[in-house]
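Here are some notes to read alongside the coordinates, set out as numbered points. Each one takes up a single residue, loop or helix pair, so that they can be checked one at a time.

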Amino acid sequence: MSAASDELAGRTFMVTGGNTGIGRATAAGLAGRGGRVYLACRSRQKGESAVADIVAVTGNAAVTFLPLDLADLASVRSCAEQFLALGEPLHVLINNGGVGGQRGLTKDGFELAFGVNHLGHFALTTALLDRLAASAPARVVTVASDAHYQARGVDFEAVRRPTASFTGMREYAVSKLCNVLFSAELARRVPGRGIASYALHPGVVASDIWRRVPWPVRPLITRRMLSPQDGARTSLYCATSGALAADGGRFYDDCREREPSQAATPDLARALWEHSEAWVTAR
């Protein structure tokens with residue numbers, strides 16, 4: 001056991017997908033610096049096991065599991081309601097959880113990567129915005145990917161249908177573009193509320209996001225990837241560093257600002273927000 005520092009004492013963080021991979025490394029890094037950390041993830045067994053391990057390693061007992069299934073908007077609402085009922089502040093929301101290389105539909109009928117990687121996080125963030133504002137200065141950190149450069153835009157009809165590509169990677173790229181668009185549009189919509197919004201590329205990380213990629217392919221695509229600990233560096237930077245642009249809406253890679261894809265236009269970001277808001281409200 002190593003004693004936690006008090007650098008982040010008094011700051012509360014929520015990390016989606018915090019039971020494994022980059023999310024777990026991020027949560028452990030925050031807890032090790034004295035933050036109060038909520039791990040919001042789908043599996044109670046894995047989530048509570050991760051909590052116990054992080055507490056044991058850091059010596060920080062202020063680590064808690066929250067149930068969250070990003071593929072089910074009812075679960076997303078329930079997670080937000082459970083957190084809000086605690087009456088605690090929320091200083092940083094880290095939208096980390098996601099899927100890659102998978103095919104299908106969410107419970108609410110959205111293409112799987114879009115529904116989990118973008119729409120679930122959109123619903124969670126907007127449900128927690130008032131609490132974030134009340135806790136200002138606050139941040140929303142969304143883990144995107146440089147895969148977003150591969151997407152030319154967002155087909156708002158296609159995201160209502162099952163995954164079309166064989167590998168699901170085309171849809172993954174679209175969902176990551178949505179992360180970048182959402183982060184930028186959020187920054188434009190919350191001026192004066194004390195909430196900064198950042199998106200990031202964590203590096204190409206050998207995390208559990210690739211667990212459903214078929215066996216012959218999975219080891220080939222993961223063998224040269226970063227460790228989750230290395231992948232968490234930019235998430236931790238965006239969540240805690242005072243060196244980031246105060247106005248937010250920026251994209252970061254390797255702890256440095258980077259120009260996002262030319263497809264990440266304000267018009268497309270606005271359209272994505274409006275569609276997402278309507279879809280979430282209708283559920």
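1. His201 touches Ser145, Asp146, Thr234, Phe251, Tyr252, Asp253, Asp254 and Arg258, when residues up to four places away in sequence are left out of the count. The model is a predicted one, and in it His201 lies in strand S6, which covers residues 195-201. With a relative accessible area of 5%, His201 counts as buried, because that value falls under the 20% limit. One polar contact deserves to be looked at in the viewer: the side chain of His201 reaches the backbone nitrogen of Asp146 at 3.0 Å.

2. Asp254, one of the residues that His201 touches, sits in the loop between strand S7 (250-253) and strand S8 (256-258). Its phi is near 55°, which is a positive value in a residue other than glycine. Cys255 is placed in the loop between S7 and S8 as well, and phi of Cys255 is near 65°, again positive in a residue that is not glycine. Are these two residues buried or exposed, or something in between? Asp254 is partly exposed, with a relative accessible area of 33%, whereas Cys255 is buried, with a relative accessible area of 18%.

3. Asp108 belongs to the loop between strand S4 (92-95) and helix H4. Although its side chain is charged by class, Asp108 is buried, with a relative accessible area of 16%. What does the side chain of Asp108 reach? It reaches the backbone nitrogen of Leu73, at 2.9 Å. Leaving aside residues up to four places away in sequence, Asp108 touches Ala71, Asp72, Leu73 and Arg283.

4. A cis peptide bond joins Ala136 and Pro137, with omega at about 5°. Pro137 is found in the loop between H4 and strand S5 (138-143), and the bond can be inspected there.

5. Helix H4 (residues 112-134) packs with H5 at an angle of about 20°, and their axes are 7 Å apart. The two helices are therefore roughly parallel to each other, since angles under 35 degrees are counted that way. H4 passes H5 in a right-handed crossing. On the H4 side the contact is made by Ala113, Phe114, Asn117, His118, Phe122, Thr125 and Leu129, and these meet Glu171, Tyr172, Ser175, Lys176, Cys178, Asn179, Phe182 and Leu186 in H5. By class, the contact of H4 with H5 holds 8 nonpolar, 5 polar and 2 charged residues.

6. How do helix H5 (residues 169-189) and helix H9 (residues 266-282) cross? Their axes come within 9 Å and cross at roughly 90°, which means that H5 is roughly perpendicular to H9. From H5, Leu177, Cys178, Leu181, Phe182, Glu185, Leu186, Arg188 and Arg189 take part, and they meet Pro266, Leu268, Ala269, Arg270, Leu272, Trp273 and Glu274 in H9. By class, the contact of H5 with H9 has 10 nonpolar and 5 charged residues, with no polar ones.

7. Taking the helix contacts together, Cys178, Phe182 and Leu186 of H5 appear in the contact with H4 and also in the contact with H9. A colleague going through the model could begin with these residues of H5, and then turn to the buried His201 and the buried Asp108.

Conventions
Residues numbered from 1 in each chain as written. Predicted model: local features only at pLDDT ≥ 70, side-chain atom pairs only at ≥ 80, totals over all residues. Heavy atoms only, no water. Axes fitted to C-alpha atoms, helices over the stretch in contact; angles between N-to-C directions. Helix = DSSP H or I, 4+ residues; strand = E, 2+ residues; numbered from the N terminus. Parallel < 35°, antiparallel > 145°, perpendicular 65-115°, else oblique. Contact = heavy atoms within 4.5 Å. Left-handed = near helix turned anticlockwise from the far one by under 90°. Buried < 20%, exposed > 50% of the residue type's maximum accessible area, 1.4 Å probe, protein only. Polar contact = N/O pair within 3.5 Å; in protein donor to acceptor, adjacent residues only side chain to side chain.
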